[in-house]
Amino acid sequence: MSETLLAPAPVLTKPPPPRDGAFTMQDFKSDIKPIWCPGCGDYSVLTALAKALAELGRPREQVALISGIGCSSRLPAYTSVYGFHGVHGRALALATGVKLARPDLTVIAAGGDGDGLSIGGNHFLHACRRNVDMTYILMDNQVYGMTKGQASPTTAPDWCEGKLTPEGPGIAPVAPLRLALAAGVSFFARGFAGNPNELARLIVAGITHPGFAVIHVLSPCVTFRPEQRAWKQAVHPLEGAPATDLATAMARFAADDGFTTGIFYACAAPPFMPERKRTKQASDFAKRFLVEI
Ligand SMILES: Cc1ncc(C[n+]2csc(CCOP(=O)(O)OP(=O)(O)O)c2C)c(N)n1
Ligand code: SF4
Ligand SMILES: [Mg+2]
């Protein structure tokens, strides 16, 4: 990885897609070759996202993809939409700012379980209750992949392979669904990287939902959690239409084994979008940072 980091920035040569409204998945992928480990679930998340964007048919300059830090947070570099590879745990804070400043954009945040539920857990709670109209792709591999395999908030208490927790973390994992429902989320779906077509459908549903939509993706880390290859056999579809009331959604959580995929909850709640009067220009703000010498 270090060699790649030291390499000169690649020149983006990809021509813009035709403007006739017909996009393909390839139009939303960049020319940069992902450096994820072979077999990493994140490849399929990229494919599902590109497929979803092609289906939605929004020109790539009208979409912003914001991430934090982690293997999963490399996602923006591999797409052709506007991207911001931000600071660890701050994807949602950054995405909120982008959406409030540019409500015309389709704003998507993406990142890992460590990024979104550990250092960024506070932002996750407040994004759920604030209900800004954006979509969060939470790529969960139950480990800190990028920093070589430490336990994350979603790691099972008895996982003993992490060097920092040789006897296992020993505490109950965070359940993103329960956390999101308790914090007031208005849309929650779970997908599996190994089912990119279903995942693309869930991402489209999340983007078209008016409000904050969480797409919780089971995305295996084949390097530090090779046993997650068995997730393919464990996932199963949710039965029934999305719950529209909290009690039904909570009951679904109670019956959930963590491998159910589909839309758990979608309720109508007004998205947060303060009325803004643009009395100041960007240049007025820039003047405040001028240093006279
Ligand atoms: C402020 C700060 N603290 C810690 C780190 C080190 N760090 C980088 S990525 C990461 C965790 C990544 O885990 P996750 O978000 O689950 O992403 P994954 O690599 O598993 O996709 C950590 C702790 C950092 N970059 N910045
Ligand atoms: S370390 Fe894990 S999460 Fe990171 S690229 Fe490799 S397989 Fe994917
Ligand atoms: Mg992770």
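This briefing covers the sheet, the helix packing and the two ligand shells of one structure. The model is predicted. Its eight strands form an open sheet with mixed pairing. Helix α7 packs on that sheet and also meets helix α2. 20 residues surround ligand 1, while the shell around ligand 2 includes W36, D42 and F224.

**Sheet**

- The strand order is β2-β1-β3-β4-β6-β5-β8-β7.
- β2 (82-85) and β7 (236-237) stand at the edges. Each has a single partner strand, so one side of each lacks a neighbour in the sheet.
- β7 pairs with strand β8 (residues 260-266) in the parallel sense, over two bridges.
- P237 has T261 in β8 as its bridge partner.
- α7 packs on the sheet and touches five strands by name: β3, β4 (135-140), β5 (187-192), β6 (213-218) and β8. The direction of α7 makes about 165° with that of β5.

**Helix pair α2 and α7**

- Helix α2 (residues 42-56) packs against helix α7 (residues 196-208) at an angle of about 50°. Their axes are 8 Å apart.
- Angles that are neither under 35 nor over 145 degrees, and not from 65 to 115, count as oblique. α2 is therefore oblique to α7.
- The crossing of α2 past α7 is right-handed.
- On the α2 side, the contact is made by S44, V45, T47, A48, L49, K51, A52, E55 and L56. On the α7 side, P196, L199, A200, I203, V204 and I207 take part.
- By class, the residues of this contact of α2 with α7 are eleven nonpolar, two polar and two charged.

**Helix pair α3 and α5**

- Helix α3 (residues 91-101) and helix α5 (residues 121-130) pack at about 40°. The distance between their axes is 8 Å.
- α3 and α5 are therefore oblique to each other.
- L92, A93 and T96 of α3 meet H123, F124 and A127 of α5.
- The contact of α3 with α5 has four nonpolar and two polar residues, and no charged ones.

**Helix pair α6 and α9**

- Helix α6 (residues 176-183) and helix α9 (residues 246-255) cross at roughly 165°. Their axes come within 10 Å.
- That angle makes α6 roughly antiparallel to α9.
- α6 passes α9 in a left-handed crossing.
- α6 contributes L177, R178 and L181 to the contact, and α9 contributes L246, A249, M250 and F253.
- The contact of α6 with α9 divides into six nonpolar residues, one charged residue and no polar residues.

**Ligand 1**

- Of the 20 residues that surround ligand 1, the closest are G70, G112, G114, D115 and G145.
- β3 (106-112) and α4 (113-119) are the elements that give two or more residues to this shell.
- α4 gives the most, with four residues.
- The shell around ligand 1 holds eight nonpolar, ten polar and two charged residues.

**Ligand 2**

- Which residues surround ligand 2? They are W36, C37, C40, D42, C71, N141, G145, M146, C221, V222, T223 and F224.
- This shell has eight nonpolar residues, three polar residues and one charged residue.
- G145 is listed among the closest residues to ligand 1, and G145 is also part of the shell around ligand 2.

Terms used. Residues numbered from 1 in each chain as written. Chains lettered and ligands numbered in written order. Predicted model: local features only at pLDDT ≥ 70, side-chain atom pairs only at ≥ 80, totals over all residues. Near = placed C-beta within 6 Å. Nonpolar A, V, L, I, M, F, W, Y, C, P; charged D, E, K, R; others polar. Axes fitted to C-alpha atoms, helices over the stretch in contact; angles between N-to-C directions. Left-handed = near helix turned anticlockwise from the far one by under 90°. Contact = placed C-beta atoms within 7 Å. Pairing = 2+ DSSP bridges.
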